[in-house]
Amino acid sequence: MKRTSALGLVALAVIAGGGGFIVDQLLTAGGHPSFTPSTLLPLILVALAVAVVAAAIPVRRATRGTAPIDPFRALRIAMLAKASSIVGAVVAGFAGGLLVFVLTRPVSPSLGSTGAVIAALLSGVVLVAAALFAEYLCTIRKDDDDEQPGPDEPGLGLSHLD
């Protein structure tokens, strides 16, 4: 599994930012109020960030040899961290697009809607940082025998009958 690319996360955030801007543009052009994220969204994203890091800490201990861990569990946690970084980048980008739209309007925005958008943006950034840290915690050291190629399929090597 490849590590999460910072460039990929930035690209996702920029695309989502454009989406947030366009959504608000279309809503206000149709006579609807601009989109305001729920006040629970930042709390949920920060809780997810804490949970991802907490799940990755036992993997780090296992990679340092202090506790055994199932490799499939470690892989699942690494994939959760990767998915969380993607979600955080999309949420932060979308909220950034909403914020740009709200701040470029000639009418001054309400403090409540702007605060909710800023909180969503910051919590998305926190989730990305926590997920990248959790992914780092799930990185395992290379074994000495990783450099030597083995058989492609189990059971295709030499057996005691050869």
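Contact here means heavy atoms within 4.5 Å. Helices (H or I, at least four residues) and strands (E, at least two) are DSSP runs, numbered from the N terminus. The model you are looking at is predicted: local features need pLDDT of at least 70, side-chain atom pairs count only at pLDDT 80 or more, and totals for chains, interfaces and linings use all residues. Residues are numbered from 1 along each chain as its sequence is written, and side-chain values use heavy atoms, with hydrogens and water left out.

**Exercise 1. Describe the overall fold.**

Task: Find how many helices and strands the protein has, and what share of its residues is buried.

Solution. Start with the elements: the protein has four helices and zero strands, in the order α-α-α-α from the N terminus on. Next, take burial (buried means under 20% relative accessible area, exposed over 50%, partly exposed in between, with a 1.4 Å probe and protein chains only). Of the 162 residues, 31% count as buried. Then turn to the contacts with a separation of 6 or more: residues 24 or more positions apart account for 82% of them. Finally, the accessible surface (Shrake-Rupley method, 1.4 Å probe; for residues, only the protein chains shown count as cover) comes to about 10,300 Å², and 70% of that belongs to carbon and sulfur atoms.

**Exercise 2. Check the geometry of H1.**

Task: Compare the span of H1 with the expected one, then work out which of its residues are buried and what covers them.

Solution. Helix H1 covers residues 6-29. The expected span of a helix is 1.5 Å times one less than its number of residues. For the 24 residues of H1 this gives 34 Å, and the end C-alpha atoms are 34 Å apart, which agrees. Now look at both ends. At the N-terminal end, Ser-5 acts as a cap, with a side-chain oxygen 3.2 Å from the backbone nitrogen of Leu-7. After H1 comes Gly-31, whose phi is positive, near 85°. As for burial, Leu-9, Ala-16, Gly-17, Gly-20 and Asp-24 are buried in H1. Their cover includes helix H3 (71-103) and helix H4 (111-137).

**Exercise 3. Find the nonpolar patch.**

Task: Which residues form a nonpolar patch on the surface?

Solution. Begin with the rule. Patches are made of residues with over 30% relative accessible area and no salt bridge (a side-chain nitrogen of Lys or Arg within 4 Å of a carboxyl oxygen of Asp or Glu). Like charges are joined within 9 Å, and nonpolar side chains (Val, Leu, Ile, Met, Phe, Trp, Tyr) within 5 Å. Here Phe-21, Ile-22, Leu-26 and Val-100 form the patch, with about 370 Å² of accessible area together. The largest share, three residues, comes from H1. Phe-21 is found in H1 and, at 31% relative accessibility, counts as partly exposed.

**Exercise 4. Place Thr-4.**

Task: Is Thr-4 buried or exposed, and which side chain does its own side chain join in a polar contact?

Solution. Thr-4 lies in the segment before H1. With a relative accessible area of 17%, Thr-4 is buried. A polar contact is a pair of N or O atoms within 3.5 Å; within protein, one must be able to donate a hydrogen and the other to accept it, and residues adjacent in sequence count only if both atoms are side-chain atoms. Such a contact, of 2.5 Å, joins the side chains of Thr-4 and Glu-135. Leaving aside neighbours within four places in sequence, Thr-4 is in contact with Leu-9, Lys-82, Ser-85, Leu-132 and Glu-135.

**Exercise 5. Follow pairs that are distant in sequence.**

Task: How far apart in space, C-alpha to C-alpha, are Thr-36 and Thr-114, and Leu-45 and Gly-124?

Solution. Take the threonines to begin with. Thr-36 lies in the loop between H1 and helix H2 (40-63) and is partly exposed at 36% relative accessibility. Thr-114 lies in H4 and is buried at 11%. The two are 78 residues apart in sequence and 8.0 Å apart in space.

Now the other pair. Leu-45 is found in H2 and is buried at 4% relative accessibility. Leu-45 and Gly-124 are 79 residues apart in sequence and 6.7 Å apart in space. Not counting residues up to four places away in sequence, Leu-45 touches Val-91, Ala-120, Ser-123, Gly-124 and Leu-127.
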